[in-house]
Amino acid sequence: MPLKVIVVGAGLAGLGAAIALNRAGHNVQVIEQSRFLNEVGAAIHVAPNATRILRAWGCDMGSMQSVQCNGLQVWDSQGNLRWTPIVTKELQQKLDITDDWVLTHRVDLHNTLRTAAAQTVDGRAVDIKLGSRVASVDAEAGVVVLENGTTLTGDLIIGADGIHSRSVREVIGEESSKESTGQNCFRFLVPVSKMQKDPETASLLGRMGLDGVHAFTAEDRRLVIYPCRHGDLLNVVAIHPSEPTGAVKESSWLDSASLDHLLEVYQSFGPELRRMCSMAEDVKLWSLASRKPARTFVKGKLALVGDAAHPTLPHQGQGGAQAFEDGAALGAVFPGEVSPEQVADRLNAYNTVRYKRALTVMFMSKTHDERRSEMLEELRAYVPDAELPDSMFSYTWASYPAREALVLLGAE
């Protein structure tokens, strides 16, 4: 008999887990507090470890309107090229993979997942219940209570409700508290057509091209720029020090920011980059707060996924990919023949596959690549035998969580 699965949250992590478990043979209901009337977010990396999972889930890759990413280049703050750390084809050959690295708008990716979730697999499709806010989760009983009093019971509960998770409270036994990383992030989009009409920004665009990721760096701040929507839009992530108040600002994708503030923060950058920033549309300001991860991703009938399990900041471009890896691992450890009595053991297998790797990526994503060694001591407080990966690109791109899960289960 298929398991009854309840997924709390319909973001990237929740939809990914729902798709994987539906395809594995289970009846899946997703509970989402929003009504999908106000999609938010900007662009997102979809690295090879994510694209191979999306293809396996039957996602329509064309609907993502993505741009093939041919590499990563690092520039100084005045627009001079320093080096090219990653050439996609070269690393693909080294790792013996063919999976794409693509750049897409987060909304396009989310819509692609929603379409995949609506597909009927062996007579089942994911049931998404909108406008339903969760009041509490009981991990041991497998019960989710909504604020309107509705009680839902499942054989397996997936907590995919993000950094502000109600599910994680059930695992750690208390309210999770956010902690400052000392960083803020502006996010905005610039139409490529607008840049092409201005000689100054057209020159910058000509040097960068529209087929890769470009990091313009100063000592304590950077602009990370890459295209999406078939190259019609440039996405800009502007990471800089936060105000030294020690307070953790409540923030979300919806928090608007001042263009004047953006230009002030990046006043030391070159004229082409400042001109590009002046063209910003719909500027948002996001506090890069994090929180300590749980000591385990599972409890009773509950598994945490995505930011509920491992809130991942943008420095490695792996937040979405790690959420999809969670879903792929769950799909592998819960094939259709798993019984309710086997749920606890299978959740332990999921935790074994995902905990060390996901936390390694989480801690390495707290700062930019040149300083990630500073995160090793903090990571080892959770994963004592953790090592610093030689290359985060190789470490993440070569990950096959479903394969690892099957190997683990075969060894039991």
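1. Let's start with Leu54. Setting aside neighbours within four places in sequence, Leu54 is in contact with Val46, Cys59, Met61, Met64, Leu109, Leu113 and Phe324. As you look for these residues on screen, keep in mind that this is a predicted model.

2. Where does Leu54 fit in the wider picture? It belongs to the largest nonpolar core, which has 84 residues, and Leu54, Ile158 and Phe334 are the ones with the most contacts inside that core. Helix 11, residues 343–364, gives the most to this core, with 11 residues. Apart from it lies another core, of 26 residues, and among its members are Met195, Leu204, Leu223 and Met276. In soluble globular proteins, nonpolar side chains tend to be buried together.

3. Thr112 is a good residue to look at next. You will find Thr112 in helix 4, which covers residues 106–118. Is Thr112 buried or exposed? Thr112 is buried, because its relative accessible area is 3% and the cut-off for buried is under 20%. Leaving out neighbours within four places in sequence, Thr112 is in contact with Cys59, Asp60, Ser63 and Met64. Two of those names should look familiar, since Cys59 and Met64 are also in contact with Leu54.

4. Now step back to the domains. The protein is divided into domain 1, made of 4–41 + 106–177 + 292–409, and domain 2, made of 179–290. Notice that domain 1 is written as three stretches of the chain, while domain 2 is written as one. Taken over C-alpha atoms, the centres of the two domains are separated by 29 Å.

5. Ile31 is worth finding in strand 2, residues 27–31. With a relative accessible area of 2%, Ile31 is buried. What does Ile31 touch, once residues up to four places away in sequence are not counted? The list is Ile6, Val7, Val8, Gly9, Ala10, Lys129, Ser132, Val134, Leu146 and Leu152. Here is a pair to try with your distance tool: Ile31 and Asp127 are 96 residues apart in sequence, and their C-alpha atoms are 8.7 Å apart in space.

6. Next, a pair of helices. Helix 7 (residues 199–208) and helix 9 (residues 271–278) pack at an angle of about 105°, and their axes are 9 Å apart. That angle makes helix 7 roughly perpendicular to helix 9. On the helix 7 side, the residues that meet helix 9 are Glu200, Thr201, Ser203, Leu204 and Arg207. On the helix 9 side they are Pro271, Glu272, Leu273, Arg275 and Met276. How many residues of this contact are nonpolar, polar and charged? There are four nonpolar, two polar and four charged. Leu204 and Met276, one from each helix, are also among the members of the core of 26 residues.

7. Phe216 brings some of these residues back. Phe216 lies in strand 14, residues 213–217, and counts as buried at 0% relative accessibility. Not counting residues up to four places away in sequence, Phe216 touches Trp75, Asp76, Gly79, Leu204, Met208, Arg221, Arg222, Leu223, Ile225, Phe269 and Leu273. Leu204 and Leu273 have already appeared where helix 7 meets helix 9. For another distance to try, the C-alpha atoms of Phe216 and Leu359 are separated by 27 Å, and the two residues are 143 apart along the chain.

8. Leu189 sits in strand 13, residues 178–191. Leu189 counts as buried, because its relative accessibility is 18% and buried means under 20%. Leaving aside neighbours within four places in sequence, Leu189 is in contact with Ala42, His105, Cys228, Leu233, Leu234, Asn235, Met279, Ala280 and Glu281. Leu189 and Met208 are 19 residues apart in sequence and 16 Å apart in space, C-alpha to C-alpha.

9. Finally, some exposed residues. Lys197, in helix 6 (residues 192–197), is exposed, with a relative accessible area of 71%. His230 has its place in the loop between strand 15 (222–228) and strand 16 (233–241) and is exposed at 53%. Asp282 lies in strand 17, residues 281–291, and is exposed at 56%. Check the backbone of these last residues too: neither is a glycine, yet phi is positive, at about 60° for His230 and about 55° for Asp282.

Key: Residues are numbered from 1 along each chain as its sequence is written. This is a predicted model: local features need pLDDT of at least 70, side-chain atom pairs count only at pLDDT 80 or more; totals for chains, interfaces and linings use all residues. Side-chain values use heavy atoms; hydrogens and water are left out. Domain bounds come from an automatic or database domain assignment. Axes are lines fitted to C-alpha atoms, for helices over the stretch in contact, and angles run from 0 to 180 degrees between N-to-C directions. Helices (H or I, at least four residues) and strands (E, at least two) are DSSP runs, numbered from the N terminus. Angles under 35 degrees count as roughly parallel, over 145 as roughly antiparallel, 65 to 115 as roughly perpendicular and the rest as oblique. Contact means heavy atoms within 4.5 Å. Ala, Val, Leu, Ile, Met, Phe, Trp, Tyr, Cys and Pro count as nonpolar, Asp, Glu, Lys and Arg as charged, and the others, Gly among them, as polar. A nonpolar core is a set of buried Ala, Val, Leu, Ile, Met, Phe, Trp, Tyr and Cys residues joined through side-chain atoms within 4.5 Å. Buried means under 20% relative accessible area, exposed over 50%, partly exposed in between (1.4 Å probe, protein chains only).
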